[in-house]
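Visitor: Could you take me through the cysteines and the charged side chains in this one? I'd like a close look at how they pair up.

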Amino acid sequence: MPKLPRPTPLLTLLLGLLPLHAGAQSAAGLLDRYSEEARREAPAYAASAARGNALFHQRGKDDWRCAGCHTDKPVAAGRHLVTGKPIAPLAPAANPERFTDAARAEKWFRRNCTDVFERPCSAAEKGDLLAYLLEQRP
């Protein structure tokens, strides 16, 4: 069996960065993903910032709503209603780290939709909410 050449330090570094890049996402890319998923159930689906705004302000269980913790202006910092813990702005324009990791976004959608609406949010709802948040500017 032939001996393979050893990788150079630069190649080793670049290969080590691949998992970071592979997990990286943009909010727009995530919106595309949710839209594609929603179109599997409703082929005519198009993300709607207006529906996202309505969902963001919709009251759920115990009168909770997304805007309760994230404020009516998602470009501003919020505070958790129960714990008082500070929450960084939700809108990507005010917080570029938002919605850059698909797994993390899914985790928070799962947790917050269950807390507020007592059910998971659909791909269409996630797409609409993200369309709304992408329109918000500081």
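Guide: Here's a walk through the cysteines, then the salt bridges, then a charged patch on the surface.

A bit of housekeeping before that. This is a predicted model, where local features need pLDDT of at least 70 and side-chain atom pairs count only at pLDDT 80 or more, while totals for chains, interfaces and linings use all residues. Residues are numbered from 1 along each chain as its sequence is written, and side-chain values use heavy atoms, with hydrogens and water left out.

Let's start with the sulfurs. A disulfide is a covalent bond between the sulfur atoms of two cysteines; here it's called when a pair of cysteine sulfur atoms sits within 2.5 Å. That rule gives a count of 1 disulfide, and the partners are Cys 113 and Cys 121, with 2.0 Å from S to S. The torsion about the S-S bond of Cys 113 and Cys 121 is about -100°, so this disulfide is left-handed. Cys 113 is buried at 4% relative accessibility, and Cys 121 is buried too, at 10% (buried means under 20% relative accessible area, exposed over 50%, partly exposed in between, with a 1.4 Å probe and protein chains only).

What about Cys 66? Cys 66 is in no disulfide, and its nearest cysteine sulfur, that of Cys 113, is 6.7 Å away. Cys 66 still counts as buried, with a relative accessible area of 15%. Cys 69 is in no disulfide either: the nearest cysteine sulfur there belongs to Cys 66, 8.9 Å off. At 9% relative accessibility, Cys 69 is buried as well.

Now the charges. A salt bridge here is a side-chain nitrogen of Lys or Arg within 4 Å of a carboxyl oxygen of Asp or Glu, and the count by that rule is 6. One of them joins Arg 51 to Asp 128, at 2.8 Å from N to O. That pair links distant parts of the chain, with Arg 51 in helix α3 and Asp 128 in helix α6 (residues 123-135), 77 residues apart. (Helices are DSSP runs of H or I, at least four residues, and strands are runs of E, at least two, numbered from the N terminus.) Arg 51 is partly exposed at 41%, whereas Asp 128 is buried at 6%.

Another salt bridge pairs Lys 126 with Glu 106, the closest N and O atoms being 2.9 Å apart. Lys 126 lies in helix α6 and Glu 106 in helix α5, so this pair ties together parts 20 residues apart in sequence. Both Lys 126 and Glu 106 are buried.

Then there's Arg 59, in the loop between α3 (49-57) and α4 (66-70). Arg 59 forms a salt bridge with Asp 63, with 3.6 Å between the closest N and O atoms. Arg 59 is partly exposed at 48%, and so is Asp 63 at 49%. Arg 59 is also 8.1 Å from Phe 117, C-alpha to C-alpha, though the two are 58 residues apart in sequence.

Last stop: the surface. Lys 85, Arg 104, Lys 107, Arg 110 and Arg 111 form a positive patch. Patches take residues with over 30% relative accessible area and no salt bridge, joining like charges within 9 Å and nonpolar side chains (Val, Leu, Ile, Met, Phe, Trp, Tyr) within 5 Å. Lys 107 is in helix α5 (residues 102-117), and with 33% relative accessibility it counts as partly exposed.

Conventions:
Areas by Shrake-Rupley, 256 points an atom, 1.4 Å probe, with all protein chains shown as cover. Lys, Arg positive; Asp, Glu negative; His and termini not counted. Charge placed at Lys NZ, Arg CZ, Asp CG, Glu CD.
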